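Subject: Structure for you to look at

Hello,

Here is the structure I said I would pass on. My notes on what I found follow below it.

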Amino acid sequence: MTLVAEGAAPERMQRREMSERAFAWLLISPALLFILVIVVWPLAETIRLSFTDATLGGENFVGVANYAALFADPKFWQTVGRTFYWMALAVSLKLIVGLIGASLLNAAIPGKALFRVLVMPPWVIPVAIGVIGWKWMYNGYFGLISGLLQEFGLVQDRVALLATKTSAFYSAIVTDVWVGTPMVTLFFLAAMQGVSKDLYEAAWVDGASRWYRFRRITIPQIMPVIVSMALLSAIWTFNSFEIIWILTEGGPRGATTTLIIDTYKVAISSQRFGEGAARAVVIVVLLAVFSLFYLWFLNRVNRHYGAK
Amino acid sequence: MATLDLQSITKSFGSAQVLSGIDLAIRDKEFVVFVGPSGCGKSTLLRIIAGLEASTSGRILIDGVDVSAAAPVDRGIAMVFQSYALYPHLSVYENIAFPLRVARLPEPEVKQKVGRAADILQLTEKLPLKPGQLSGGQRQRVAIGRSIVRNPKVFLFDEPLSNLDAALRGEMRVELSALQRDLDATMVYVTHDQIEAMTMAHRIVVLNKGRIEQFGTPMELYHHPATRFVATFIGQPNMNLLPATVVGTGPEGLTVELHGGTRMTLPVDTATARAGDSVEVGIRPESLQLGTGVTMHLRVLERLGGTAIAYGQMADGLKLCAALPGDTTVHEGEDVGLTFAPADAHVFDANGRVMRRRQAPALAA
């Protein structure tokens with residue numbers, strides 16, 4: 001009797017555990033299916049394509065020929081360099097402007113509720129519409145910027161900012177920062193509001209200046225958010241497509257062609273799917289390595305600053 | 001160390017008057033506790049002293065110097081916050097050193113001062129740790145350490161023990177009292193806990209609705225509460241208040257009739273009393289003894305060992321509490337007769353002002 005009782009109970013428990021596990025699988029299966037169809041399968045298909053010379057006409061297996069050609073092409077390495085420069089500059093500006101903006105919005109200034117709302121438009125309006133607005137402003141014939149520069153006598157002739165290589169690149173950066181900053185600002189603001197007021201008051205009683213409090217309290221306290229935003233912002237900026245495409249389509253003469261634009265041009269515009277897929281795979285690998293490094297770094301930062 | 005004088009301090013937030021006409025003279029090396037219910041303005045008053053909040057009017061003098069317009073750091077005060085306000089990303093050492101770093105003291109001096117504070121507060125072994133690795137009591141000590149290193153003229157404490165558990169609170173009370181003596185410091189301490197006030201203070205300020213109800217030593221407040229509010233706020237369990245009517249006055253004192261018809265002559269100053277006035281007779285639970293006088297239906301008896309606290313109500317529904325000897329033989333559910341010595345009674349007029357007791361215990365100067 002005892003033997004049966006002892007044996008039966010664990011068996012029942014095991015059955016129940018099994019059914020609980022089955023239920024868990026059941027619950028995540030829709031999401032899993034979704035991910036398999038829209039993420040895993042396209043990724044696998046892209047990797048397969050990258051080893052072919054696929055065009056609209058058909059495809060043949062070519063081994064690593066696409067990669068070999070890519071790595072041998074000096075223009076590809078220029079694009080890689082330009083992409084990282086684009087990313088580093090745009091992300092740094094977003095973080096700096098966001099930090100300054102959040103500090104101002106967090107300060108006790110009159111009408112700050114209104115300013116908090118005014119920060120939102122670049123983020124809220126569709127990117128395409130905002131960027132078309134910028135394209136008009138950059139225009140040499142009827143653009144606001146050129147007009148103002150001439151009005152104030154700063155330039156003699158009209159300035160078409162998107163027409164020369166250097167000015168086009170930095171104009172695209174400005175627009176990208178304009179689009180990307182509000183979210184960074186709001187995340188920083190939320191983090192700043194989470195810092196205990198007592199910390200500032202204690203520092204104030206001890207005679208710490210505003211700048212000292214910002215440096216020694218605010219920055220360390222929101223550091224985990226700064227690092228997280230840097231990572232997210234870096235990935236988005238790296239992959240930023242529509243801003244550049246609408247402004248310049250990667251031109252003039254490739255001055256604003258980043259990896260993602262290059263990939264689109266090769267794969268979609270030129271319909272060289274195999275070569276495009278190879279570029280896409282390189283992007284995935286670069287971003288994966290970059291993300292791993294960042295996650296490791298974030299973990300360190302959290303351990304350093306996060307101990308509450 | 002220093003004296004601290006508050007002159008006619010008022011504070012309003014918009015139309016809400018939080019503090020009105022606060023006058024206080026705190027002596028050198030004195031430990032003064034502000035006590036009162038939440039919302040009485042005690043924390044606001046402390047923040048005004050610290051300079052974290054501006055008073056609407058009035059002056060603050062530290063060592064005779066008007067600091068009303070000075071920045072907190074220039075007032076010579078240090079403040080310990082209820083939340084401790086420790087910097088989570090800095091080590092205990094750097095937390096204590098923070099004010100010294102702000103003042104750009106040279107490293108050897110920082111090291112020496114932090115070392116001394118850590119020594120006093122028994123934190124030496126904890127210096128490399130982060131606040132998150134410390135217990136509540138240790139965090140509190142770090143916060144105190146940060147205030148010590150500045151050698152302030154006046155220490156300000158804003159409910160520093162309210163985040164600690166009861167046992168630790170008891171320990172820290174003793175430590176703080178000892179620290180105050182060791183540092184010979186002027187300290188102002190805010191709490192809502194009258195036990196903290198009674199046990200630590202040289203003198204207590206009882207605040208209610210933005211006004212000072214009374215400023216005096218713990219024993220003055222206990223034996224000579226100026227108002228009904230102070231009488232019920234100070235002392236645990238709370239003082240009983242029995243409604244009564246004045247029957248007459250005489251050289252012996254005030255003769256009153258309690259509800260239920262008991263007449264007593266109480267030895268208090270009777271200058272303002274007239275026959276027929278409604279008054280309240282205040283009697284502390286520890287002044288009640290078994291006997292004949294008032295009858296209480298005993299509902300709950302809490303045996304604490306040394307004493308037994310009896311809770312019940314009188315025939316007219318009035319609640320009553322008595323602290324009886326620990327070995328008392330009364331039982332819950334019984335009617336118990338209670339009596340008290342007339343000299344132990346406090347009498348409050350209809351406005352809550354006390355009629356001064358003539359035979360209260362002598363008070364130390």
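I start with chain B. Buried residues account for 42% of its 365 residues. Please keep in mind throughout that this is a predicted model.

Chain B contains 8 helices and 20 strands. Along the principal axes, its C-alpha atoms fill a box of roughly 75 × 45 × 40 Å. Among contacts in chain B with a separation of 6 or more, 66% join residues 24 or more positions apart.

The domain assignment splits chain B into domain 1 (4-230) and domain 2 (237-355). The C-alpha centres of these two domains of chain B are 38 Å apart. Where they touch, domain 1 of chain B supplies 5 residues and domain 2 of chain B supplies 6 residues. The domain 1 side of that contact in chain B consists of 3 nonpolar, 1 polar and 1 charged residues.

Next, the cores. The largest nonpolar core has 111 residues, and the members that touch the most others are B:Val33, B:Phe34, B:Ile49, B:Ile96, B:Leu156, B:Val188 and B:Val347. Helix 2 (residues 92-102) of chain B provides the largest share of this core, with 6 residues. Both domain 1 (4-230) and domain 2 (237-355) of chain B contribute at least three residues each to this core. Another core, of 46 residues, lies apart from it and includes A:Val184, A:Ile226, A:Ile260 and A:Tyr264. As background, nonpolar side chains in soluble globular proteins tend to be buried together.

To see what surrounds one of the residues in the 111-residue core, take B:Ile96. Leaving out residues up to four places away in sequence, B:Ile96 touches B:Val114, B:Ala117, B:Ala118, B:Val142, B:Gly145, B:Arg146 and B:Val149.

In chain A, I looked at helix 12 (residues 259-269), which is mostly covered, with 8 of its 11 residues buried. The buried ones in helix 12 of chain A are A:Leu259, A:Ile260, A:Ile261, A:Asp262, A:Thr263, A:Tyr264, A:Val266 and A:Ala267. They pack against helix 3 (74-106), helix 11 (242-247) and helix 13 (273-305) of chain A. A:Ile260 and A:Tyr264, both buried in helix 12 of chain A, are also among the members of the 46-residue core. Just after helix 12 of chain A, A:Gln271 has a positive phi of about 55°.

Also in chain A, there is a helix pair to look at. The axes of helix 6 (residues 127-138) and helix 8 (residues 165-193) of chain A come within 11 Å and cross at roughly 145°. The crossing of helix 6 of chain A with helix 8 of chain A is right-handed. Helix 6 of chain A brings A:Val127, A:Gly130, A:Val131, A:Trp134 and A:Tyr138 to the contact, and helix 8 of chain A brings A:Ser171, A:Thr175 and A:Val179. By class, the residues of this contact are 5 nonpolar, 3 polar and no charged.

Last, the interface between the chains. Here 17 residues of chain A are in contact with 18 residues of chain B. On the chain A side, helix 9 (197-205) and helix 10 (210-238) are the elements that give two or more residues. Helix 9 of chain A gives the most, with 6 residues. The chain A side of this interface has 10 nonpolar, 3 polar and 4 charged residues.

Regards

Key. Residues numbered from 1 in each chain as written. Chains lettered and ligands numbered in written order. Predicted model: local features only at pLDDT ≥ 70, side-chain atom pairs only at ≥ 80, totals over all residues. Axes fitted to C-alpha atoms, helices over the stretch in contact; angles between N-to-C directions. Helix = DSSP H or I, 4+ residues; strand = E, 2+ residues; numbered from the N terminus. Left-handed = near helix turned anticlockwise from the far one by under 90°. Contact = placed C-beta atoms within 7 Å. Nonpolar A, V, L, I, M, F, W, Y, C, P; charged D, E, K, R; others polar. Core = buried A, V, L, I, M, F, W, Y, C linked by C-beta atoms within 7 Å. Buried ≥ 20, exposed ≤ 12 C-beta atoms within 10 Å, placed from the backbone. Domains from an automatic or database assignment.
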